[in-house]
Amino acid sequence: MIHGHVTAWALALILFIVALILQSGGKTKGAKIVQMILRVLYLVIIATGVGLLFMLTKISVMYILKAVVGLWIIGLFEMILGRAMNKRRTSVFWIQFVIAWALVLYLGFVELPMSIFHVK
Ligand code: HEM
């Protein structure tokens, strides 16, 4: 489950960058296709994330925070791509993006116990 989760968001991050590159190169159609694949990945990220939550015997506030920040990142993927496609400013969202990623990586890898490095 956790491997699926990590694979899904890592792939999503790569596709997000690919979509931005395509968009900035004027390849709007390609960017739209990648964005659609990205949306399917959001569902995989959420499904595996919720699956991980169901594996817990006791849920703590840190897990809730982790889930909320995860959803925040998905929202930012959408906002940044959508605004880039409409040639609107994205700087405020990029600042949030950096903060949210720092938080999610800290919570996921440092603070919370499950890990791709020792849980099957
Ligand atoms: C793009 C969005 C997301 C990112 C980048 C992300 C990132 C991560 C990372 C880095 C880990 C730790 C993996 C490890 O320790 O090996 C993790 C674990 C986890 N994630 Fe996410 N996540 C996202 C979305 C979500 C969502 C939407 C949920 C819940 C609905 C969620 C729930 C969880 C849970 C429960 C864990 C296990 C925590 C632990 O004990 O380490 N994640 N995620």
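## Residues 62-81 and the helices

Over residues 62-81 of this predicted model, the chain is 100% helix and 0% strand, and the C-alpha atoms at the two ends of this stretch lie 29 Å apart. Residues 6-24 are likewise 100% helix and 0% strand, with end C-alpha atoms 27 Å apart. Both stretches appear in the UniProt annotation "transmembrane region", which comes from an unreviewed entry and also covers residues 36-56 and 93-117; UniProt positions are given here in the numbering used for the model, feature names are shortened, and such annotations may be inferred rather than shown by experiment.

The protein chain has four helices and zero strands, and its pattern along the sequence reads α-α-α-α. Helices (H or I, at least four residues) and strands (E, at least two) are DSSP runs, numbered from the N terminus. The C-alpha atoms of the chain fill a box of roughly 50 × 25 × 20 Å, taken along the principal axes.

## How the model is read

Residues are numbered from 1 along each chain as its sequence is written, and side-chain values use heavy atoms, with hydrogens and water left out. In this predicted model, local features need pLDDT of at least 70 and side-chain atom pairs count only at pLDDT 80 or more, while totals for chains, interfaces and linings use all residues.

## The shell around the ligand

The ligand is surrounded by 25 residues (each with a heavy atom within 4 Å of it), and the closest are His5, Tyr63, Lys66, Met114 and Ile116. At least two residues of this shell come from each of α1 (2-24), α2 (28-54), α3 (61-85) and α4 (91-111), and α3 gives the most, with six residues. By type, the shell divides into 19 nonpolar, five polar and one charged, where Ala, Val, Leu, Ile, Met, Phe, Trp, Tyr, Cys and Pro count as nonpolar, Asp, Glu, Lys and Arg as charged, and the others, Gly among them, as polar.

Some N or O atoms of the protein lie within 3.5 Å of an N or O atom of the ligand, the cut-off for a polar contact. A side-chain N or O atom of His5 is 2.9 Å from a nitrogen atom of the ligand, a side-chain N or O atom of Lys66 is 2.7 Å from a nitrogen atom of the ligand, and a backbone N or O atom of Gly108 is 3.0 Å from an oxygen atom of the ligand.

## The largest pocket

The space taken by the ligand is the largest pocket, which is lined by 29 residues, with His5, Gly49, Leu52, Lys66 and Val104 nearest its centre. α3 gives the most to this lining, with eight residues. A pocket is an open set of points on a 1 Å grid over the protein atoms alone, where a 1.4 Å probe fits, with protein on both sides within 12 Å along at least five of seven lines; lining residues have an atom within 4 Å of a point.

Terms used: Polar contact = N/O pair within 3.5 Å; in protein donor to acceptor, adjacent residues only side chain to side chain. Sits in = over half its atoms within 2 Å of the grid points.
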